[in-house]
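Trainee: I'd like to go through this one by asking why each label is used. Can we begin with the terms for exposure?

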Amino acid sequence: MPTELDLITRWDAHAPRYTSFPTAAAFSSAVGANDWAMALGGLGVEETASLYVHIPFCKRLCWYCGCNTRAVNRRETISSYVDLLLREADLVAQEAGGPIRIGRLHLGGGTPNMLSPEELERLVTGLRRRFDLSGLIEFAAELDPETLSPEWIDAAGDLGLTRASLGVQDLSPEVQAAVNRPERFETIVAVAEGLRRAGVFSLNLDLMYGLPRQGVAEVLATLRAVTTLRPERLALFGYAHVPWMKPHQKLIDTTELAGPATRFAMSLDARDLLVSEGYQPVGLDHFALPHDDLAAASRAGRLHRNFQGYTTDDARTLIGLGASSISRGRDLYVQNSAGEREWRMAVGEGRLSVVRGVRLSGQDRFVAEVIERLMCDLEVDMPAVARRRGANPSSLAYARPTLDALEADGLIVVADGRVAMTERGRPFLRAAAAAFDPGVKVAAGQHARIV
């Protein structure tokens with residue numbers, strides 16, 4: 001049986017996080033605004049979609065960040081962005097031929113609480129006038145505790161915020177200094193208490209391992225502290241060092257980054273601690289208390305995965321507003337211009353700002369479901385998926401050499417067309433998913449390493 005070092009050496013390759021398939025690396029200008037307009041026009045009157053709004057602003061630029069954001073402190077820049085978000089919502093509603101029914105609303109970033117309480121109210125009230133939010137079952141936002149004011153919390157509570165995700169990453173002052181993100185635990189405690197008083201019934205904390213100056217001790221110390229707050233969910237991501245895509249990551253001293261073996265130990269020890277604290281592992285890198293709906297969905301095989309990570313959202317259509325937002329239709333993905341200036345220009349001129357995308361073939365949808373089920377359930381019955389999709393299981397024969405190698409190393413079990421991760425194989429889940437991705441080697445340089 002290979003050692004952990006053997007497994008890391010063999011399987012610590014570059015691979016997507018598989019928040020979609022095909023991945024964003026496959027997007028091109030061959031699919032654009034006209035395709036998205038047609039998809040919006042084809043929405044059924046009874047269909048419920050989800051809505052994602054991207055806020056690309058932060059008070060400071062965290063050096064580890066892989067998001068589309070920038071540091072901004074001019075209120076007029078943020079206020080005019082809100083105006084254009086509502087103008088973009090008008091364009092979407094126009095193409096759809098009327099208000100679209102929305103089941104879930106997610107504010108992401110960047111830092112949505114860079115909006116003032118008044119701007120937040122203007123945005124949400126404006127969205128309610130343009131979309132049908134009467135059946136909204138979830139309103140979530142990603143928040144920075146250090147810039148989150150009591151006034152913002154009260155405004156969000158009044159507007160119906162139900163779920164909040166707090167960026168924590170690591171509580172060690174030395175690690176925080178190495179990534180330009182000062183943050184006090186006392187602030188996180190106060191914010192969590194304030195959100196709960198405002199009626200936010202579910203809290204998620206985003207954490208990271210593999211940051212500079214971070215070792216196993218720092219990761220576990222952070223987890224021991226934050227689990228005292230009993231957040232319903234925790235996400236523990238491995239830091240993705242991709243300075244060729246995010247130039248500001250060059251500010252990180254790479255000599256202070258842990259090697260693969262230490263990163264591997266961080267992830268395993270963190271998982272053991274969270275399980276001992278009563279959290280259920282969900283997919284690759286999420287954890288939830290057993291009563292949380294994410295944990296329930298995982299147990300029932302109803303978990304899904306999208307660009308926000310693991311979710312209970314089963315909507316077929318996702319509408320993205322804002323610079324760099326990704327939208328999903330029944331048979332395509334599209335993305336708005338990542339450049340804020342270009343996005344502003346398009347929307348200001350009354351045009352959808354979609355600049356690239358990909359249309360899914362029947363085979364793509366088959367592979368997408370295979371990968372999603374594997375990423376969510378840690379196992380997949382390929383013949384069953386093939387029957388649902390009207391596909392031929394033999395069309396996945398190209399995956400067999402990689403699957404055989406994974407099985408030989410004890411990372412998966414393959415029987416009667418079913419692929420199941422072993423407990424030892426769980427950290428290498430993305431490697432198993434990549435076996436089904438025929439384009440993964442072509443786009444390898446655009447993704448972070450698995451471990």
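Mentor: Sure: buried means under 20% relative accessible area, exposed means over 50%, and partly exposed is what lies in between (1.4 Å probe, protein chains only). Keep in mind that this is a predicted model, where local features need pLDDT of at least 70 and side-chain atom pairs count only at pLDDT 80 or more, while totals for chains, interfaces and linings use all residues. Residues are numbered from 1 along each chain as its sequence is written, and side-chain values use heavy atoms, leaving out hydrogens and water.

Trainee: Then why is F307 called partly exposed?

Mentor: Its relative accessibility is 26%, which falls between 20% and 50%, so partly exposed is the label. Y333 has 9%, under the 20% cut-off, so Y333 counts as buried.

Trainee: What makes the rings of F307 and Y333 an edge-to-face pair?

Mentor: Rings of Phe, Tyr and Trp (its six-membered ring) pair if their centres lie within 6.5 Å; planes under 30 degrees apart are stacked, over 60 edge-to-face, and the rest tilted. Here the centres are 5.9 Å apart and the planes stand at 85 degrees, so both tests are met. F307 sits in the loop between strand 11 (304–306) and strand 12 (309–311), and Y333 in strand 15 (residues 332–336), 26 residues apart. Helices (H or I, at least four residues) and strands (E, at least two) are DSSP runs numbered from the N terminus. Ring pairs also bring F27 into a cluster with F307 and Y333.

Trainee: And why is the pair of Y81 and W343 called tilted?

Mentor: The planes are 35 degrees apart, neither under 30 nor over 60, so tilted is the class left, and 4.7 Å centre to centre is within 6.5 Å. Y81 is in helix 3 and W343 in helix 11 (residues 340–348), 262 residues apart. Y81 and W343 are both buried.

Trainee: How do you know that R305 lies over the face of Y310?

Mentor: A charge sits over a ring if NZ of Lys or CZ of Arg is within 6 Å of the ring centre and within 35 degrees of the ring normal. R305 is at 4.4 Å from the centre of the Y310 ring, and the label implies that the angle test is passed too.

Trainee: What does R344 touch, and why does R344 count as buried?

Mentor: R344, in helix 11, has 19% relative accessibility, under the 20% limit, so buried it is. Contact means heavy atoms within 4.5 Å; leaving out residues up to four places away in sequence, R344 touches F57, T77, S80, Y81 and L84.

Trainee: What makes a group of residues a nonpolar core?

Mentor: A nonpolar core is a set of buried Ala, Val, Leu, Ile, Met, Phe, Trp, Tyr and Cys residues joined through side-chain atoms within 4.5 Å. The largest one has 78 residues, and V53, L127, F131, L195, I319 and L321 have the most contacts inside it. Helix 3 (residues 75–96) gives the most to this core, nine residues. A second, separate core of 47 residues includes I8, M375, A386 and L396. In soluble globular proteins, nonpolar side chains tend to be buried together.

Trainee: Why is A433 called buried?

Mentor: The relative accessible area of A433 is 0%, which is under 20%, so the label fits. A433 is in helix 15 (residues 429–434) and touches Y18, I371, L374 and M375, not counting residues up to four places away in sequence.

Trainee: Where is D416, and why is D416 called exposed?

Mentor: D416 lies in the loop between strand 18 (412–415) and strand 19 (418–421). At 78%, D416 is over the 50% mark and therefore exposed. Phi of D416 is near 55 degrees, a positive value in a residue other than glycine.

Trainee: What makes R230 worth a look beside D416?

Mentor: R230 also has a positive phi, near 50 degrees. With 33% relative accessibility, between 20% and 50%, R230 counts as partly exposed. Most residues other than glycine have a negative phi, and most peptide bonds are trans.

Trainee: Which residue does a cis peptide bond join to F21?

Mentor: P22, with omega about -5 degrees. The bond from G109 to G110 is cis as well, with omega near 15 degrees.
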